[in-house]
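Me: Hello! I am new to this one, so could you walk me through it, step by step?

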Amino acid sequence: MKLRVEVVALDCLMVRLFDEIAEANMPWMLAASENLRAAFGAHLIDLVPSYTTLMVHYDLAALSPAQARELIAEALIDLSPNTRTGGKCHVLPVWYDVSVGPELRLLSQRSGLAVEEVIRRHSDREYQVFALGFAPGFAFMGLVEEVLAAPRLNTPRKKVAAGSVGIAERQTAAYPVVSPGGWNLIGRTPAKLFDRERDGYSLMQPGDTVRFEAVSYAEFINLGGDDTPLEAQA
Amino acid sequence: MSRLSIEASTPLCLLQDAGRFGVRHLGVTQGGGLDWRSMSWANWLLGNALDAAVIEITLGGFTVVAEGDCLLALAGADLGAQLDGQALAPWRSFKLRKGQRLQFTQPLLGARAYLAAPGGFDAPKVLGSSATVVREELGGLDGMGRALAKGASLSYSAEAPLLMRELPREQIPDFKSDLPLDVVLGAQIGEFSGQSLFDAFNSAWTLDSRADRMGIRLLGTALQYQGKPMISEGIPLGAVQVPPDGQPIVLLNDRQTIGGYPRLGALTPLALARLAQCLPGATVRLRPVVQDVAHREQVEYLRRFSDR
């Protein structure tokens with residue numbers, strides 16, 4: 001770990017902890033996040049974690065850039081990884097089917113694996129939530145097996161149904177709400193990923209782990225899933 | 001409980017406040033009035049908290065009729081506002097009597113006007129704010145992120161102040177100013193070619209019509225980033241990001257929370273306030289500024305609002 005603090009805006013500093021995306025980053029990121037929140041207290045406006053960085057947005061009326069840098073330095077001195085695994089483990093039911101996951105065939109062709117095997121491999125792994133972004137509750141998870149990795153679509157879809165589960169490079173994610181999107185879609189989850197009535201709003205938080213569980217069409221519908229085909233939503 | 005009924009509106013007329021904070025780590029954008037300075041003055045004119053909910057009217061096309069006597073305040077762009085056909089200049093509080101009509105016609109100076117009401121317009125707070133973010137279905141009158149629509153009713157609950165107020169002339173922002181926009185330089189600044197750095201701060205940039213509450217594209221000499229591809233990271237308000245086509249985009253209140261394009265830096269809040277009042281086709285220049293200097297300037301500006 002090579003810690004750097006960079007200027008990003010008048011009232012924002014970027015804490016850069018790593019240069020590569022890795023699952024091993026996470027205990028350090030969580031520890032740094034916790035310490036920064038404690039150090040800034042009420043003067044913290046937002047803390048935006050991503051794969052290798054934490055952006056600190058602080059109250060400019062309370063802190064000068066120099067004071068903010070001091071707080072960061074104090075918060076991160078003697079940093080030790082948070083291995084208490086405070087994160088939750090989620091199991092997301094997924095109806096894997098070409099009608100809602102049109103890129104299942106593409107991934108099968110690319111990998112040379114049968115569609116069933118693509119599904120098995122995607123759901124046979126525990127993923128880490130690296131960051132939330134793009135949309136409320138949209139969790140960037142990884143890493144998917146190399147053989148399933150696929151670049152984003154050349155032309156993003158104008159509309160991707162809520163609950164759609166996709167793959168982009170070695171990351172996987174589920175769309176919380178209908179939105180445009182360029183990920184390779186392989187199925188759909190009935191889980192409500194963002195709920196303004198829920199404590200903490202987002203089902204998944206950075207540091208959580210997620211496993212996908214293949215369910216039948218009937219189970220998907222029973223769990224409240226919406227099977228509207230993609231084309232009907234476009 | 002004075003009320004206004006909306007007779008005409010557009011998708012660019014939105015309920016806004018200072019924005020949504022403490023939720024960016026969940027992927028929720030900031031939102032809020034694009035010209036925070038004019039929005040704050042609109043609230044100041046009524047003695048409100050500076051972040052009380054206001055109406056952001058972009059370009060015009062908005063009309064309300066009073067269902068009871070109201071005291072309101074107007075700040076920001078001159079959108080040809082008319083009170084029962086009589087021109088109404090911004091930067092003042094004013095009375096709107098029962099049955100009177102307030103109409104915003106077309107932009108005469110600036111792009112965004114802010115209409116404030118005593119204590120702020122009534123609206124539910126969603127994730128701590130009433131700011132309307134259409135894309136995220138958050139905020140606004142019903143909390144579902146919808147723009148203000150014809151037929152809807154606006155209300156406020158606080159007592160109106162007794163005195164009408166006008167902003168002292170020396171405090172009125174100059175929307176015609178051609179001073180460059182200040183950019184706090186970011187960490188990737190050294191990864192742009194020397195020529196690009198020269199171009200960035202020595203040429204004129206034209207505001208593209210491809211502009212919305214997420215960002216405004218600047219057209220001009222393409223800038224060349226020579227660094228490594230970046231891993232997505234948090235994006236500050238006002239970030240000047242440079243995608244592969246070299247045409248910078250200034251990211252605004254409704255931007256995505258993380259992204260992976262290199263950045264020249266970020267506009268200061270005062271520069272953002274000015275940019276928010278520019279129309280497509282306008283030209284702007286950029287000027288680098290040191291973080292400390294920009295910070296002092298901002299703190300000094302904020303003191304102006306404490307004079308109540």
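Me: Which residue stands opposite A:Gly166?
Reply: Welcome! This is a predicted model, where local features need pLDDT of at least 70, side-chain atom pairs count only at pLDDT 80 or more, and totals for chains, interfaces and linings use all residues. Residues are numbered from 1 along each chain as its sequence is written, with chains lettered from A and ligands numbered from 1 in the order in which they are written. Across from A:Gly166, in strand 10 of chain A (strands are DSSP runs of E, at least two residues; helices are runs of H or I, at least four; both are numbered from the N terminus), stands A:Ala173.

Me: In which sense do strand 9 and strand 10 of chain A pair?
Reply: Two strands pair if DSSP finds at least two bridges between them. Strand 9 (residues 164–168) and strand 10 (residues 171–174) of chain A have four bridges, and their sense is antiparallel.

Me: What is the strand order of the open sheet in chain A?
Reply: Seven strands make up this open sheet, with mixed pairing. Strand 5 (89–94) and strand 12 (184–188) of chain A are its edges, each pairing on one side only. The full order is 5-13-6-7-10-9-12.

Me: Which strand of chain A gives the largest share of the side that touches chain B?
Reply: 36 residues of chain A are in contact with 36 of chain B (C-beta atoms, placed from the backbone, within 7 Å). Strands 1, 2, 3, 4 and 6 of chain A each supply at least two residues of chain A's side. The largest share, five residues, comes from strand 3.

Note on methods:
Contact = placed C-beta atoms within 7 Å.
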